[in-house]
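Trainee: I'm new to this one. Could you walk me through how to read its features?

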Amino acid sequence: MKRKILILTITLLSVVGYQESYAGGMGGLGLRGGLAISTIGNQDEDFSTARNRFRLGGTAGVGYEIATDGTFAFEIETLYSLRGQRQKFEVLNNEVVVKDYLHYLYFPASFKFYIGDIFNIHFGGYAGVALAGKRKIDGAGVLDGEGSLFGDNIQDAQGDELFNRLDGGIFVGTEFIGEKGIGVGARGYMGLADITNDKHLLGDGTARTGEISVYMLFRFGDN
């Protein structure tokens, strides 16, 4: 019995030593791209309500990971994301569908905890800016139309835009990265900034972005 315990202990120590030797990330430049679903949630509403407005988008970008000899790593990124929402209304017995598209450039910074050399859990914060936006209305041929979310057509009488361009929040995710630097990841974002402009006639509410993304990752490691 003592011999079995000794063998098990040596085996476990060997595994731990192996993980510590290779944990801490590959380091270096990384490219990523994938699909995302996003929404814009109003103040005080539950997730199930906001979920009904999810729409499909995409994300892509570049990051740089700073590896360590321990189990932690740090990464900064520049990413593009297509975010938005999809809402349905009933107007004069006609179904009206409103689709918003927001093209964001955002800058996440994450702390990573590696378990072994291929798996990490990470979390952090991000700041972003909306480069452009578009609203498309499908009103069964009666109320059809489209235009820029930051253009003259959606400004109020004072010239205020409906949306603020700046956004920011927090995120959490996980990644699996193979020895050759090819991997997959998933990440969830929760916006903390109000993206509606309170000065606009219709902007007195609070709205925050949210996103869930799944992506491929290609890392050119330094280690």
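Mentor: Sure, and keep in mind that this is a predicted model. Let's start with phenylalanine 176, which is partly exposed, with a relative accessible area of 44%.

Trainee: Which nonpolar residues form a patch on the surface?

Mentor: Residues count for a patch if they have over 30% relative accessible area and no salt bridge. Here the nonpolar patch includes Phe176, Leu29, Leu31 and Tyr64, and its members have about 1000 Å² of accessible area together. Strand 1 (28-42), strand 2 (55-66), strand 8 (182-191) and strand 9 (207-220) each give the patch at least two residues. Leucine 31 lies in strand 1 and is partly exposed, at 37% relative accessible area.

Trainee: How many aromatic pairs does a search of the whole structure find?

Mentor: Rings pair if their centres lie within 6.5 Å. The search finds eight such pairs. In one of them, tyrosine 106 and tyrosine 126 meet edge-to-face, 5.7 Å centre to centre with 70° between the planes. Tyrosine 106 is in strand 4 and tyrosine 126 in strand 5 (residues 119-138), so this pair ties together parts 20 residues apart in sequence.

Trainee: Are those two tyrosines buried or exposed?

Mentor: Buried means under 20% relative accessible area. Tyrosine 106 is buried at 1%, and tyrosine 126 is buried at 7%. Phenylalanine 176 has an aromatic partner too: it forms a tilted pair with phenylalanine 119, 4.8 Å centre to centre and 40° between the planes.

Trainee: Where does the charged end of arginine 83 sit?

Mentor: Over the ring of tyrosine 104, 5.8 Å from its centre, and also over the ring of tyrosine 189, 5.2 Å from its centre. Tyr189 forms one aromatic cluster with Tyr106, Tyr126 and Phe171.

Note on methods:
Residues numbered from 1 in each chain as written. Predicted model: local features only at pLDDT ≥ 70, side-chain atom pairs only at ≥ 80, totals over all residues. Heavy atoms only, no water. Patch = residues over 30% accessible without salt bridge, like charges linked within 9 Å, V, L, I, M, F, W, Y side chains within 5 Å. Areas by Shrake-Rupley, 256 points an atom, 1.4 Å probe, with all protein chains shown as cover. Salt bridge = Lys/Arg side-chain N within 4 Å of Asp/Glu carboxyl O. Helix = DSSP H or I, 4+ residues; strand = E, 2+ residues; numbered from the N terminus. Buried < 20%, exposed > 50% of the residue type's maximum accessible area, 1.4 Å probe, protein only. Phe/Tyr/Trp six-rings, centres within 6.5 Å; stacked < 30°, edge-to-face > 60°. Lys NZ or Arg CZ within 6 Å of the ring centre and 35° of its normal.
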